[in-house]
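Let's walk through this one together, from the symmetry outwards to the sheets and then to the empty spaces. Keep the viewer open as you read.

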Protein chains: 2
Amino acid sequence: MPVFLNTADAGFEAAFQTLLGQKREEAEDVDQAVAAIIADVRARGDQAVIELTQRFDRLALTSETLAFSPAEIDAEIAKVRPEDRDALELAAERIRAYHARQKPQDESWTDSAGAMLGWRWTPVSAAGLYVPGGLASYPSSVLMNAIPAKVAGVERLVIACPTPDGKVNPLVLLAARIAGVDTVYRIGGAQAIAALAYGTGTIAPVDKITGPGNAFVAAAKRRVFGRVGIDMIAGPSEILVIADADNDPDWIALDLLSQAEHDESAQSILVTDSAAFGEAVAKAVARRLEALERRAIAGASWATNGAVIVARDLSEAARLSNRVAPEHLELCVPDPEGLAREITHAGAIFLGQYTPEAIGDYVGGPNHVLPTARSARFSSGLSALDFLKRTTLAKMTPEALKAIGPAAERLATSESLQAHGLSVRARLDRLNG
Amino acid sequence: MPVFLNTADAGFEAAFQTLLGQKREEAEDVDQAVAAIIADVRARGDQAVIELTQRFDRLALTSETLAFSPAEIDAEIAKVRPEDRDALELAAERIRAYHARQKPQDESWTDSAGAMLGWRWTPVSAAGLYVPGGLASYPSSVLMNAIPAKVAGVERLVIACPTPDGKVNPLVLLAARIAGVDTVYRIGGAQAIAALAYGTGTIAPVDKITGPGNAFVAAAKRRVFGRVGIDMIAGPSEILVIADADNDPDWIALDLLSQAEHDESAQSILVTDSAAFGEAVAKAVARRLEALERRAIAGASWATNGAVIVARDLSEAARLSNRVAPEHLELCVPDPEGLAREITHAGAIFLGQYTPEAIGDYVGGPNHVLPTARSARFSSGLSALDFLKRTTLAKMTPEALKAIGPAAERLATSESLQAHGLSVRARLDRLNG
């Protein structure tokens, strides 16, 4: 059974702190193994990747077969049912439209000193997307990672997706094609991250790596960070639903189970101003669990990490939610826009009872790659901005340099950086003399 | 002597590759020591920080004296000369004005399916800035880190700055006050990063940590990444100057030396379309080095990492610069705006001969915390955006859910996520029934 808390109870604060501090994922200590794999790929390139793929994925590749050929992709895509293709295309279109609005503007202006200032945005040249194999090989994640990169203007976009025992998800390949991915490598794990970051004989290095993965992939991304850009280190998924009694308990139960079915480490929290409604949702969860295909996973997640919290009112619910900083937040209340203004930390907000979180996973438009494990306190979901970088611009006229140069010289001197000061002084002397 | 290359020479590409691949900084392997320090601070809080500060900084603190008191800050600030204060205030004002323009807009719209979509930006609640002690304790860096945080709306802003043997830079404290920093802790190293990330009895944890530091600080930031946000892992500074023959070789020499004097690992590269000008600049560097206070550092940097490259024309120079992706790029050419349009990767561009890079270090307005070590390929300088995060918004009407819900259900089914599909289906059934 999940934990039931009531903010009116004396022990609430301690119990809530425990919930907040709950470590839902034991970090496997794979760092040394990953360091060795990265060193091997740097030293031996293709050959290391091929041997590691044989060992971990039981798949014999050559430099020529590291990537799917266009014909192989065609053959896999042909297996996809038309209704699945249509759904993917609708999703892609909506994701593209949403992310296109994120493209920032270049700016430049002249300030009162006569200095021209501004900035320009340019895309990352090459990006690599990691797509897990097996159970978690989600075509929707391909769209969510690849489309922002294309919208940003990334020139070369590749995927690394392991195919253990040669098993491929045709929908992943279709999603890659719809999104405009150039190449799909059938490699995974730390060796794939190393190959993308450093390059091999066959695989050209990329500048940025995004996408979820297991503990090996996460440790490898952390290690190559700096050599390339990375997105975030993703943790287990989570949802917090704020719902009053004027909701169907069954709908809310299904929303909670949508997260719980991802992973035993996932977390689903209901915060409500009605104890009776909280009880009703818990009952509905138990009922729905009986028939759920993934009831073992979802049941374990709900029992271990689930919580029902009864708050005095919706504002208190919002304050609790801000302390959780949830990845997904549903506001199933009469005035969701109003309550949203009280939310300071959340990856994504779903407003009103007709917006189940699952809409956001697929077809809403916003990205489903969102900050987990309370990291919405300081980070954002994936966006076109993750594939762009900003170059600042400054141009001094002689007059601007005369106006502000002496202060720069003064500060350089105070920091004992003489050449800095002289580089300004030499110009000022010419201008003044 | 720095390396001289000419793109017309047969061996150019190999030599340029060597320059690009040159490892300028040996990463000290301090990771295990840092892991132990972080574990100690998590376990013992204040007491661990106090003992480590005694050991590394030879300074006896108590929980009460971890932070400077307002009176101590007043006393230190009183030592600052008025001209230094004026220069800092001018710099602060210009940095504030520039970063204020970076604040992004919230957006929301209704799309053709009737879905309301959008996003909102909110500030990080608490940020910690690391300021190195000793030689590299730069008041300008305090402004460059703290002002974007304040512009973003960060509520609580603290500094960790070690004071080895109790030595304090009054300008650092003045810069902190001008920028609106709330508290300055006199602690440093991995113990400071751990205290900021996890909190201690006295130090409340923050959500984001920025600022440069030594190998211990860098390793600690990498380790706490995920628990808190971090900026980048900064490497040694670098400049690339593209200059034609119509420049004063002495000015360009001083610009190159401005980077070289930071650190022996710093790198200064001149790319010019005139071999004679390249020679003239090299001579000017040698002449200026003779009288430079930091000639040992600057001379070693220039000899080891410096380069003069002669290109066929300015467009080729821009292409070479893009392969370097320099932190600082000066365009000392007749049409700097035109050439800037050919630049795809650079942290900051300084346009024209009256914009020495030192202006950008202090008073230009743009940030001087910029991507080093070729990371301008995928990252940007520090900005107000680093202290903001974006929450995506979505609201479906019944009509919107009817329009796009079935595709979400289809995709959920294809990914074997039954509860996801049911959460949509339950609502559609009600709406349709």
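**Starting at the axis**

Of the residues of chain A, A:Arg222 comes closest to the rotation axis, with its C-alpha at 3.9 Å. Keep in mind that you're looking at a predicted model. As a bit of background, two copies of a chain are related by a rotation about an axis and a shift along it. Here, a turn of 180° with a shift of 0.0 Å along the axis lays chain A on chain B, and the RMSD comes out at 0.0 Å. That's the relation of a two-fold axis. The interface fits this picture: 100% of the interface residues of chain A are also interface residues in chain B, so the copies meet through the same surface.

Now for the sheets. Strands of a sheet pair through backbone hydrogen bonds, either parallel or antiparallel. Which order do the strands take in the open sheet that starts with β1(A)? Reading across, you get β1(A)-β11(A)-β10(A)-β9(A)-β12(A)-β13(A)-β14(B)-β3(B)-β2(B), which makes 9 strands with mixed pairing. The edges are held by β1 (3-6) of chain A and β2 (107-110) of chain B; each has a single partner strand, so one side of each is left without a neighbour in the sheet. Going from strand to strand, neighbours are turned by 15° against each other on average, if you ignore direction.

Zoom in on the chain A edge. β1(A) pairs with β11 (residues 307-310) of chain A in the parallel sense, over 4 bridges. One pair to look for is A:Asn6, whose bridge partner in β11(A) is A:Val310. Helix α12 (residues 295-305) of chain A packs on this sheet, where it touches β10 (267-272) and β11 of chain A, and its direction makes about 55° with that of β10(A). Helix α13 (residues 314-324) of chain A lies across β9 (238-243), β10, β11 and β12 (328-332) of chain A, running at about 170° to β9(A).

At the chain B edge, β2(B) and β3(B) run antiparallel and are joined by 4 bridges. B:Glu107 stands opposite B:Trp119 in β3(B). The two strands form a hairpin with 5 residues between them, and B:Gly114 in the turn has a positive phi of about 90°.

There's another open sheet of 9 strands to trace, in the order β2(A)-β3(A)-β14(A)-β13(B)-β12(B)-β9(B)-β10(B)-β11(B)-β1(B), again with mixed pairing. Its edge strands are β2 (107-110) of chain A and β1 (3-6) of chain B, and each has a single partner, so one side of each is left without a neighbour in the sheet. Inside this sheet, β9 (residues 238-243) and β10 (residues 267-272) of chain B run parallel and are joined by 5 bridges. B:Glu238 stands opposite B:Gln267 in β10(B). Helix α12 (residues 295-305) of chain B lies across β10 and β11 (307-310) of chain B, at about 55° to β10(B).

That leaves the gaps. Rolling a probe the size of a water molecule over the atoms shows where empty space is left. How many cavities of 30 Å³ or more turn up? The count comes to 4, and the largest has a volume of about 70 Å³. It is lined by 14 residues, and the closest to its centre are B:Ala348, B:Phe350, B:Gly360, B:Pro366 and B:Asn367. The elements giving two or more residues to that lining are β14 (388-395) of chain A, plus β13 (348-351) and α15 (357-362) of chain B. By class, the lining has 7 nonpolar, 5 polar and 2 charged residues.

Finally, the second largest pocket has a volume of about 440 Å³. Its lining has 20 residues, with A:Lys103, A:Pro104, A:Gln105, B:Pro104 and B:Gln105 nearest the centre. β3 (116-123) of chain A and β3 (116-123) of chain B each supply at least two lining residues. This lining splits into 8 nonpolar, 4 polar and 8 charged residues.

Key:
Residues numbered from 1 in each chain as written. Chains lettered and ligands numbered in written order. Predicted model: local features only at pLDDT ≥ 70, side-chain atom pairs only at ≥ 80, totals over all residues. Heavy atoms only, no water. Pairing = 2+ DSSP bridges. Contact = heavy atoms within 4.5 Å. Axes fitted to C-alpha atoms, helices over the stretch in contact; angles between N-to-C directions. 1 Å grid on protein atoms, 1.4 Å probe; cavity = no way out; pocket = protein on both sides within 12 Å on 5 of 7 lines; lining within 4 Å. Points joined across faces, edges and corners; volume = space filled by probe spheres on them. Nonpolar A, V, L, I, M, F, W, Y, C, P; charged D, E, K, R; others polar. Least-squares fit on C-alpha atoms with pLDDT ≥ 70 in both.
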